[in-house]
Amino acid sequence: MARLEYRKYNEGDREFPLLYYYDRIGRDEAALRFACDYFVKEGRVYEKTSCAVEADCWVIYVKEAEDERTMPWGKPQEGLPRGVRMELREYKSWTADYRLVTTYSFADTLEAMLHLQANYLYVDGVEWSRTSTEIDEDRETYVFYAEPAEG
């Protein structure tokens with residue numbers, strides 16, 4: 001196990017201040033986080049700019065997402081089995097009303113990774129095209145934002 005760090009990225013700066021770190025994080029969880037476009041923690045939304053692999057450390061560079069805000073949603077349903085949780089939410093531009101389509105609970109991190117990195121997910125006969133993904137630590141879930149694919 002290694003360390004995962006979130007560092008602040010500012011265009012043109014040579015220093016990248018440490019924002020958050022996780023000691024002894026598994027590579028499966030680090031890979032899930034590398035796959036996310038956004039990171040939500042302590043009521044703030046960060047946008048990933050890049051990722052790096054250093055000796056005994058994985059790094060995700062982020063900048064505060066000026067046009068994004070946290071949502072007032074609660075944690076995913078408590079009745080779901082334990083595991084990695086992910087929501088599929090309908091993305092609509094020019095609105096912050098991202099309807100919950102379905103919630104997943106994966107016992108296996110590899111299964112979660114396959115869903116999180118997919119370009120398309122299928123739910124109830126509808127093909128959903130990914131627009132972005134995020135790890136929402138405040139809600140302890142991953143979110144897959146998508147639009148209905150054009151037929």
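Leu110 and Leu114 are exposed on one side of helix 2, opposite the side that holds its buried residues. Exposed means over 50% relative accessible area, buried under 20%, and partly exposed in between, with a 1.4 Å probe and protein chains only. This is a predicted model, in which local features need pLDDT of at least 70, side-chain atom pairs count only at pLDDT 80 or more, and totals for chains, interfaces and linings use all residues. Residues are numbered from 1 along each chain as its sequence is written, and side-chain values use heavy atoms, with hydrogens and water left out.

**Helix 2**

- The buried residues of helix 2, which spans residues 109-117, are Ala112, Met113, His115 and Leu116.
- Seen down the helix axis, these buried residues fall within an arc of 165°, so they line one face of helix 2. The arc is that of the directions from the helix axis to the C-beta atoms.
- Helices (H or I, at least four residues) and strands (E, at least two) are DSSP runs, numbered from the N terminus.
- The buried residues of helix 2 pack against helix 1 (27-34) and against five strands: strand 6 (84-90), strand 7 (100-106), strand 8 (120-123), strand 9 (126-136) and strand 10 (141-148). Contact means heavy atoms within 4.5 Å.
- At the N-terminal end of helix 2, Asp108 acts as a cap, with a side-chain oxygen 2.5 Å from the backbone nitrogen of Leu110.

**Helix 1**

- Ala30, Leu32 and Arg33 are the buried residues of helix 1.
- They cover an arc of only 160° around the axis, which puts them on the same side of helix 1.

**Cavity**

- The structure holds 1 cavity of 30 Å³ or more. On a 1 Å grid over the protein atoms alone, a cavity is a set of points where a 1.4 Å probe fits but cannot get out, and lining residues have an atom within 4 Å of a point.
- The largest cavity has a volume of about 40 Å³, a volume being the space filled by probe spheres set on the points.
- Among the residues that line the largest cavity are Tyr6, Arg33, Cys36, Asp37, Lys48 and Ile135.
- Strand 3 (38-41) and strand 5 (57-64) each supply at least two residues of this lining.
- The lining has 7 nonpolar, no polar and 3 charged residues.

**Two residues of strand 9**

- Asp136 lies in strand 9 and is buried, with a relative accessible area of 6%.
- A polar atom of the Asp136 side chain lies 3.1 Å from the backbone nitrogen of Asp138.
- Not counting residues up to four places away in sequence, Asp136 touches Val40 and Thr141.
- Ser132 also lies in strand 9 and is buried, at 12% relative accessible area.
- Leaving aside neighbours within four places in sequence, Ser132 is in contact with Asp37, Tyr38, Val143, Phe144 and Tyr145.
- Ser132 and Pro76 are 56 residues apart along the chain, and their C-alpha atoms are separated by 19 Å.

**Loop between strand 6 and strand 7**

- Ala96 is found in this loop and is partly exposed, with a relative accessible area of 29%.
- Apart from neighbours within four places in sequence, Ala96 is in contact with Arg69 and Met71.
- Ala96 and Thr70 are 26 residues apart in sequence and 9.7 Å apart in space, C-alpha to C-alpha.

How values were computed: Polar contact = N/O pair within 3.5 Å; in protein donor to acceptor, adjacent residues only side chain to side chain. 1 Å grid on protein atoms, 1.4 Å probe; cavity = no way out; pocket = protein on both sides within 12 Å on 5 of 7 lines; lining within 4 Å. Nonpolar A, V, L, I, M, F, W, Y, C, P; charged D, E, K, R; others polar.
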